[in-house]
Amino acid sequence: MGNIETVFSSESVTEGHPDKVCDQISDAILDAYLEVDSHSRVACETMIMPGKVIVAGEVSSKANIDIPKIVRRVLCEKSYTEEYHGLSAKNCVIEINIEPQSKDIYRGVVQSFETKNSVSKNVLGAGDQGIMHGYATNETIDYMPTPIILAHMLVKKLDAVRKSKEIDYILSDGKAQISVEYSKNMKPVSCKTIVLSAQHLPEISYEQLYRDLFNHVILQVIPENMITKTTKVFINPTGQFVSGGAKADCGLTGRKIIVDTYGGFGRHGGGAFSGKDSSKIDRSGAYMARYIAKNLVASGICERVDVQLAYAIGVVEPIGIYVDTFGTGKISDSKIADNVQKQLDLTPSAIIQKFNLCRPSYEPLAVYGQVGRSDLDLPWEKIEYRYLGM
């Protein structure tokens, strides 16, 4: 392998992938509630299958929104209008099962452990127990791992050539996977394999599909220096991809949590994001962990880092902070963790306020990743504490 030490792979999916359609519906519903009532408590799950959409969860809000209208709007925007996806925005059945938020959860959020014990006032407790991770690396300008960045670039371009009709025979379901070769000092060297799958109309030949996707998608986004003579390219490896969307794969909210984050680099606590308001620490805590990780790497205190925050339901302060710089830190990991806790307010209320998480802004995050997004002005992506941890 020469200078190559290891190979790491990550995947991403298009906006028309059934799981991502569900994420976008759930976050569109969340945004609609927040638009009317910024204090809405929302936990909304979506499932799609041939001919049917199920929306379920717990919501407590002053808002009264038209959920079927939102569902049909998202389906239409993701081109779920023809039989190819097994689900039509116009005539699908929409089943809604929404109940109020559990009073026990509400009690834990609004009447936190600290408030009840007279330690502090007007603070929110964590909406659930949870373990959140944030990761950052200096290998890309967005402080993200190379494989997931390249995978996102591929599916974004795939969506773009479909919408512009530059390639007019592909449909909205698709995915990409990139395997990147790393050197001994964990620097990306080249792509070992590139996998790109796109749903298409049945009359298109494989030769035309391969040629068009290779020239108009892969070569347009993968850096020239990352494609070598030994790079293997697989386009629709089975030979065809005609049956897609809900027709081929039941979609479900929260099933692409690794696509949403770091492509498998670092670690993941297990909680999904989409359809959850910011009182759910799965979401707000993960954003804060990313913010900490990115600022640590940007400060130069380490080259890459994984940050873990742990919370208990109804408790304001995190019950655990863990930092792993993978041996690249200029000071000890435990010292960095101590300094982070001293410098930042990590209570749910402070995180929500810092990142303005009560505003309707979540639907765009439901595809192409919720972190490392240079195309969106995300507050948790800002570099503000260049010496955080010192």
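Good morning. A charge is said to sit over a ring if NZ of Lys or CZ of Arg is within 6 Å of the ring centre and within 35 degrees of the ring normal. In the structure before us, which is a predicted model, Arg-304 lies over the face of Phe-326, at 4.4 Å from the ring centre.

Phe-326 leads us to the aromatic residues. Together with Phe-8, Tyr-135, Tyr-182, Tyr-262 and Phe-265, Phe-326 forms one aromatic cluster. The count of aromatic pairs comes to eleven. In one of these, the ring centres of Tyr-135 and Phe-265 are 5.8 Å apart and the planes are at 25°, so the pair is stacked. Tyr-135 belongs to strand 5, whereas Phe-265 is in the loop between helix 7 and helix 8, and the two are 130 residues apart. Are these two residues buried or exposed? Tyr-135 counts as buried, because its relative accessibility is 1%, and Phe-265 also counts as buried, at 7%.

Another stacked pair is formed by Tyr-287 and Trp-380, with ring centres 3.8 Å apart and planes at 5°. This pair, too, links distant parts of the chain: Tyr-287 is in helix 8 and Trp-380 in the segment after helix 10, 93 residues apart. Both Tyr-287 and Trp-380 are buried.

Let me turn to the nonpolar core. The largest one has 102 residues, and the members that touch the most others are Leu-75, Leu-154, Ile-222 and Ile-292. Which element gives this core its largest share? That element is helix 8, with eleven residues. As for Leu-75, residues up to four places away in sequence being set aside, it touches Val-21, Ile-25, Val-53, Tyr-80, Leu-87, Ala-89 and Cys-92.

Ala-89 also appears in the surroundings of Arg-72, a residue of helix 2. The side chain of Arg-72 reaches the backbone oxygen of Ala-89 at 2.8 Å. Beyond its neighbours within four places in sequence, Arg-72 has contacts that include Lys-90, Asn-91 and Ile-94. Arg-72 counts as partly exposed, because its relative accessibility is 29%.

Gln-199, in strand 7, offers a second example of a side chain meeting the backbone: it reaches the backbone oxygen of Tyr-84 at 3.2 Å. Gln-199 is buried, with a relative accessible area of 0%. Its contacts outside the neighbouring four places include His-85, Tyr-169, Asp-173 and Phe-241.

I close with the salt bridges. How many does a search of the whole structure find? The search finds 24. One joins the side chains of Glu-15 and Arg-162, at 3.1 Å from N to O. Glu-15 lies in the loop between strand 1 and helix 1 and Arg-162 in helix 5, so this bridge ties together parts that are 147 residues apart in sequence. Glu-15 is buried, at 4% relative accessible area, and Arg-162 is buried as well, at 10%.

Helix 5 also holds Lys-156, whose side chain meets that of Asp-375 in a salt bridge at 3.6 Å. Because Asp-375 lies in the segment after helix 10, the pair ties together parts 219 residues apart in sequence. Here Lys-156 is partly exposed, at 32%, and Asp-375 is partly exposed, at 43%.

Lys-382 and Asp-377 form a further bridge, their closest N and O atoms being 2.9 Å apart. Lys-382 is partly exposed, at 33%, whereas Asp-377 counts as exposed, at 62%. Finally, salt bridges that share partners join Glu-15, Lys-78, Asp-159, Arg-162 and Lys-163 into one network.

Note on methods
Residues numbered from 1 in each chain as written. Predicted model: local features only at pLDDT ≥ 70, side-chain atom pairs only at ≥ 80, totals over all residues. Heavy atoms only, no water. Helix = DSSP H or I, 4+ residues; strand = E, 2+ residues; numbered from the N terminus. Buried < 20%, exposed > 50% of the residue type's maximum accessible area, 1.4 Å probe, protein only. Contact = heavy atoms within 4.5 Å. Polar contact = N/O pair within 3.5 Å; in protein donor to acceptor, adjacent residues only side chain to side chain. Phe/Tyr/Trp six-rings, centres within 6.5 Å; stacked < 30°, edge-to-face > 60°. Core = buried A, V, L, I, M, F, W, Y, C linked by side-chain atoms within 4.5 Å. Salt bridge = Lys/Arg side-chain N within 4 Å of Asp/Glu carboxyl O.
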